[in-house]
Amino acid sequence: MEPKRLYRSVKNRVLCGVCGGIGEYFQVDPVMIRLIWVLLMFLQSWRHLFRSFMGFSLVGGSLVLYVIAAVIIPQAPKDETR
């Protein structure tokens, strides 16, 4: 049995398929992953904590993390059925 791999989703993509791929990996609805991502971006106490450590807001930091994830996580193979 092959180990489970994280891929960017081909069928559940809005921007780059990162949240869709994470949802498929954990077998949850990708909409829930997107909602959690947005809620974490806008929670006031979380933003303050992130700003104190990284020096920039969580909204900007989350966008940077999303772009990094889109570059690092490979796209799902076309022949793989999920």
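## Exercises on a predicted model

The largest nonpolar core has eight residues in all: V18, C19, I22, I33, Y66, A69, A70 and I73. Helices α1 and α4 (58-72) each supply at least two residues of this core. The model is predicted.

**Exercise 1. Place I33, a core residue, among its contacts.**

Solution.
- Set aside the neighbours within four places in sequence.
- I33 is then in contact with C19, I22, G23 and V28.
- C19 and I22 are also listed in the core.

**Exercise 2. Classify the aromatic pairs found in a search of the whole structure.**

Solution.
- The search finds two pairs.
- Take Y25 and F26. Their ring centres are 5.0 Å apart and their planes stand at 90°, so this pair is edge-to-face.
- Y25 has a relative accessible area of 25%, so Y25 is partly exposed. F26 is at 55%, so F26 counts as exposed.
- Now take W37 and Y66. The centres lie 5.9 Å apart and the planes are at 80°, so this pair is edge-to-face.
- This pair links distant parts of the chain: W37 sits in helix α2 (residues 30-42) and Y66 in helix α4, 29 residues apart.
- W37, at 24% relative accessibility, is partly exposed. Y66 has a relative accessible area of 12%, so Y66 is buried. Y66 is also one of the core residues.

**Exercise 3. Decide whether S9 is buried or exposed, and find its polar partners.**

Solution.
- Locate S9 in the segment before α1.
- Its relative accessible area is 0%, so S9 is buried. The cut-off for buried is under 20%.
- The side chain of S9 makes a polar contact with the side chain of E24, at 2.8 Å.
- A polar atom of the S9 side chain also lies 3.3 Å from the backbone nitrogen of K11.
- Beyond four places in sequence, S9 is in contact with C16, G17, G20, G21 and E24.

**Exercise 4. Look for a salt bridge at R8, then list what surrounds this residue.**

Solution.
- R8 lies in the segment before α1 (18-26).
- R8 is buried.
- Find the nearest side chain of opposite charge. E24 is that residue, and it is 11 Å away.
- A salt bridge needs the charged atoms within 4 Å, so R8 has none.
- Check the backbone next. The backbone oxygen of A70 lies 3.2 Å from a polar atom of the R8 side chain.
- List contacts beyond four places in sequence. They include R13, C16, G17, V18, G21, A70, I73, P74, Q75 and A76.
- V18, A70 and I73 from that list also appear in the core.

Methods. Residues are numbered from 1 along each chain as its sequence is written. This is a predicted model: local features need pLDDT of at least 70, side-chain atom pairs count only at pLDDT 80 or more; totals for chains, interfaces and linings use all residues. Side-chain values use heavy atoms; hydrogens and water are left out. Helices (H or I, at least four residues) and strands (E, at least two) are DSSP runs, numbered from the N terminus. Buried means under 20% relative accessible area, exposed over 50%, partly exposed in between (1.4 Å probe, protein chains only). Lys and Arg count as positive and Asp and Glu as negative; His and the chain ends are not counted. A polar contact is a pair of N or O atoms within 3.5 Å; within protein, one must be able to donate a hydrogen and the other to accept it, and residues adjacent in sequence count only if both atoms are side-chain atoms. Contact means heavy atoms within 4.5 Å. A nonpolar core is a set of buried Ala, Val, Leu, Ile, Met, Phe, Trp, Tyr and Cys residues joined through side-chain atoms within 4.5 Å. Rings of Phe, Tyr and Trp (its six-membered ring) pair if their centres lie within 6.5 Å; planes under 30 degrees apart count as stacked, over 60 as edge-to-face and the rest as tilted.
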